Amino acid sequence: IKTSYGDMVAILYNETPKHKENFIKLANSKFYDSLLFHRVIPEFMIQGGDPESKKAAAGQPLGNGGPGYTVEAELRPTLFHERGAIAAARTSDAVNPTKASSGSQFYIVQGKKYTTEELDQYEQNLRNNKKSQYLREIIMSPKYTGLLTQIQEHQRAQDGAWLNEFFEKSDTLIVKEKPDYKPFAFTLEQKNVYTTVGGTPFLDNDYTVFGKVIKGIEVVDKITAVAKDAQNRPTEDVRMFVSVKQMSRKKIEKEYGYIFPEVKK
């Protein structure tokens, strides 16, 4: 990925084949060439891939363009938002409950390092969000009309104590109706990476991570530091030129010093 601030080299994951194939197809067709990194936020990420950005006027809002299709989500617990991760942008859950990815827009994570306490708080928030999502689906079903009425009565009475106790003890109900439910928890690897290398843990399990920058991550730091407008678009255009080539893992490790993690069966 060539930019005026330097070049980045990234790998694309075999574990996300739909995204890998799509990115290669677009890069080989020169789709990305001359597009902008149109949204950059320090300690967060740089985002690009909107085809409308190629000839966008200064100050023109960007971020809604694409190739006319989406890519099915490929959320993998082992692929998370560490510093340098490449992930697919997407529209919000409200209009996109399956978390399908944009056909072309992607972002590269800069992130930041987190303390253990900060990470514990994020973990708790993500656990509660996931729990709330499952619980909402259950109580809105016809089977639990009576329970929904009961909850609404306590909400009208502003009975926070009852509502909090119900939420805390709702795991049994959730497991009964959603056998696949597991309380969210960061893995030991995630905790180690987020506290030593950095990233954006609050995006995990919501956006498909499909690659990683293995050389030139300092380019992301330079781009996030540029002057921006109110929409976080750089005031001076930052364009990308993307090419791909197939290399063996052995050659990648030798040429770039990147060691592929052992894949556990």
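**Figure 1. Gln158, just after helix H3, takes a positive phi of about 55 degrees.** This legend and those that follow describe a predicted model. Helix H3 comprises residues 145-156. The 12 residues of H3 reach 17 Å from the first C-alpha to the last, close to the 16 Å expected at 1.5 Å a residue.

**Figure 2. The buried residues of helix H3 are shown with their cover.** Leu147, Leu148, Ile151 and His154 are buried in H3. Seen down the helix axis, these buried residues fall within an arc of 125 degrees, so they line one face of H3. An α-helix has 3.6 residues a turn, so residues three or four places apart point the same way. The cover over the buried residues of H3 includes three helices: H2 (116-139), H4 (160-168) and H5 (171-177). Gly146 and Arg156, on the other side of H3, are exposed.

**Figure 3. Helix H1 covers residues 17-28.** At 1.5 Å a residue, the 12 residues of H1 should span 16 Å, and the end C-alpha atoms are indeed 16 Å apart. His19, Asn22, Phe23, Leu26 and Ala27 are the buried residues of H1. Because they cover an arc of only 130 degrees around the axis, these residues are on the same side of H1. Glu21 and Asn28 are exposed on the other side of the helix.

**Figure 4. Strands contribute to the cover over the buried residues of H1.** Among the elements that cover these residues are strand S3 (9-12), strand S6 (70-71) and strand S7 (85-88). The cover also includes strand S8 (101-102), strand S9 (106-109) and strand S10 (209-215).

**Figure 5. Lys30 and Glu43 are two loop residues with positive phi values.** Lys30 follows just after H1 and is placed in the loop between H1 and strand S4 (35-41). Its phi is near 65 degrees, a positive value in a residue other than glycine. With a relative accessible area of 47%, Lys30 is partly exposed. Glu43 is found in the loop between S4 and strand S5 (45-48). Phi of Glu43 is near 60 degrees, again a positive value in a residue other than glycine.

**Figure 6. Asn232 is in contact with residues from a distant part of the sequence.** Asn232 has its place in the loop between helix H7 (218-224) and strand S11 (239-240). At 26% relative accessibility, Asn232 counts as partly exposed. Leaving aside neighbours within four places in sequence, the contacts of Asn232 are with His38, Arg39, Val40 and Ile41. The C-alpha atoms of Asn232 and Pro42 are separated by 9.7 Å, although the two residues are 190 residues apart along the chain.

**Figure 7. The chain as a whole gives the setting for the close-up views.** The secondary structure comes to eight helices and 11 strands. Along its principal axes, the C-alpha trace spans about 60 × 45 × 35 Å. The chain has 265 residues, of which 42% count as buried. Among contacts with a separation of 6 or more, 76% are accounted for by residues 24 or more positions apart. The chain exposes about 14900 Å², and carbon and sulfur atoms supply 52% of this area. There are 38 positive and 34 negative side chains, and the centres of the two sets lie 5 Å apart.

Notes:
Residues are numbered from 1 along each chain as its sequence is written. This is a predicted model: local features need pLDDT of at least 70, side-chain atom pairs count only at pLDDT 80 or more; totals for chains, interfaces and linings use all residues. Side-chain values use heavy atoms; hydrogens and water are left out. Helices (H or I, at least four residues) and strands (E, at least two) are DSSP runs, numbered from the N terminus. The expected span of a helix is 1.5 Å times one less than its number of residues. Buried means under 20% relative accessible area, exposed over 50%, partly exposed in between (1.4 Å probe, protein chains only). The arc is that of the directions from the helix axis to the C-beta atoms. Contact means heavy atoms within 4.5 Å. Accessible areas come from the Shrake-Rupley method with a 1.4 Å probe; for residues, only the protein chains shown count as cover. Lys and Arg count as positive and Asp and Glu as negative; His and the chain ends are not counted. The place of a charge is taken as NZ of Lys, CZ of Arg, CG of Asp or CD of Glu.
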